[in-house]
Amino acid sequence: GVAPDATVDLASPDPQGGGAYASAEAWAIAQGAEVIANGWAWVDGSGSTVNGFDMYLDYLSVQSPYPLFVSSAGNRNASNGTPCEVDDDYHYVQNHLYNGLVVGGYADQGTAVRTDDDFWDCSSYRNPATTNGDWELPDFVAPADCLDAGGKTCVDGTSGAAAIAAGVAALVLDASSALSGW
């Protein structure tokens, strides 16, 4: 593989909320994780404000050992929960990090060139509200359309894009430890 000496630890949040997700993040840090992929959002994309969990991840990012959180932008769903349905009120990026990375998705057209690839239709893209309108999210994009992962073929989502970006970040940190804690 690309990173044969890498260790991957998996922690799953409690889908009912509560403190279980915070425990998963604390557990990952205690295991020595330098890069933590977050493919989960506690909001539905209908709002543009920073929430308590965003602030918690930002807080952890500036505390020793300074982990890098790489969070998904979220998949836009309509107000009725239908994936990828056009509903302009539900396109806001669902994770907001000042001290981490937020990853949207792009659709790879499967050709040898990149000029025909474009933003994945289901990726959340609207910016959070700020006083000066100066916060652009997502920070960047990674493949999110028809990914092969975990023995499943053609899985879609910005959670996969965040995992890919976290893997790249881990490789960069491994190549240059001076970047750790940036």
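Look at strand β3 and you'll find both of its faces covered. On one side sit L101, V103, G105 and A107, on the other V102, G104 and Y106, and every one of these residues is buried. The strand spans residues 101-107, and since seven of its seven residues are buried, β3 is largely enclosed by the rest of the structure. Keep in mind as you explore that this is a predicted model.

So what does β3 pair with? Let's start with strand β2, residues 68-72, which pairs with β3 in the parallel sense over three bridges. If you want a spot to zoom in on, find S71: its bridge partner in β3 is V102. Next comes strand β5, residues 140-143, which runs parallel to β3 and is joined to it by four bridges. Here you can look for G104, which stands opposite V141 in β5. Then there is strand β4, made of residues 118-119. This one runs antiparallel to β3, with two bridges between them. To see that pairing, find A107 and look across to D118 in β4.

Now zoom out for a moment. The protein chain has three helices and seven strands. Follow the chain along its sequence and you'll read the pattern α-β-α-β-β-β-β-β-β-α. How much of the chain counts as buried? Of its 182 residues, 36% do. Set that beside β3, where seven of seven residues are buried.

Time for some charges. The structure has two salt bridges, and R114 is a good place to find them. The side chain of R114 meets that of D108 in a salt bridge, at 3.2 Å from N to O. R114 also forms a salt bridge with D117, and there the closest N and O atoms are 3.4 Å apart. Are the two acidic partners buried or exposed? D117 is buried, because its relative accessible area of 14% falls under the 20% cut-off. D108 has a relative accessible area of 32%, which means that it counts as partly exposed. Since these salt bridges share partners, D108, R114 and D117 are joined into one network.

Aromatic rings come next, and a search of the whole structure finds two aromatic pairs. In one of them, F53 and Y56 form a tilted pair, with 5.8 Å from centre to centre and 40° between the planes. Where are these two residues? Both lie in helix α2, residues 52-61, three residues apart, which is about one turn of the helix. F53 is buried, with a relative accessible area of 14%, whereas Y56 is partly exposed at 25%. The other pair is F119 with Y125: the ring centres are 6.4 Å apart and the planes stand at 85°, so this pair is edge-to-face. Why that label? Planes over 60 degrees apart count as edge-to-face, and here the angle is 85°. Both of these residues are partly exposed, with F119 at 34% relative accessibility and Y125 at 32%.

Further along, look for the cysteines C146 and C154. A disulfide joins them, with 2.0 Å from S to S, and the count for the structure comes to one disulfide. Which hand does the link have? With -125° about the S-S bond, it is left-handed. As for how covered its two ends are, C146 counts as partly exposed because its relative accessibility is 38%. C154 is partly exposed too, with a relative accessible area of 42%.

Finish the tour on the surface. There, I164, V168, V172 and L179 make a nonpolar patch of about 300 Å². One of these residues, V172, is found in helix α3, which covers residues 158-175. At 41% relative accessibility, V172 counts as partly exposed. It makes a nice contrast with where we began: V172 is partly exposed, while the residues on both faces of β3 are buried.

Note on methods: Residues numbered from 1 in each chain as written. Predicted model: local features only at pLDDT ≥ 70, side-chain atom pairs only at ≥ 80, totals over all residues. Heavy atoms only, no water. Patch = residues over 30% accessible without salt bridge, like charges linked within 9 Å, V, L, I, M, F, W, Y side chains within 5 Å. Areas by Shrake-Rupley, 256 points an atom, 1.4 Å probe, with all protein chains shown as cover. Salt bridge = Lys/Arg side-chain N within 4 Å of Asp/Glu carboxyl O. Buried < 20%, exposed > 50% of the residue type's maximum accessible area, 1.4 Å probe, protein only. Disulfide = S-S within 2.5 Å. Phe/Tyr/Trp six-rings, centres within 6.5 Å; stacked < 30°, edge-to-face > 60°. Pairing = 2+ DSSP bridges.
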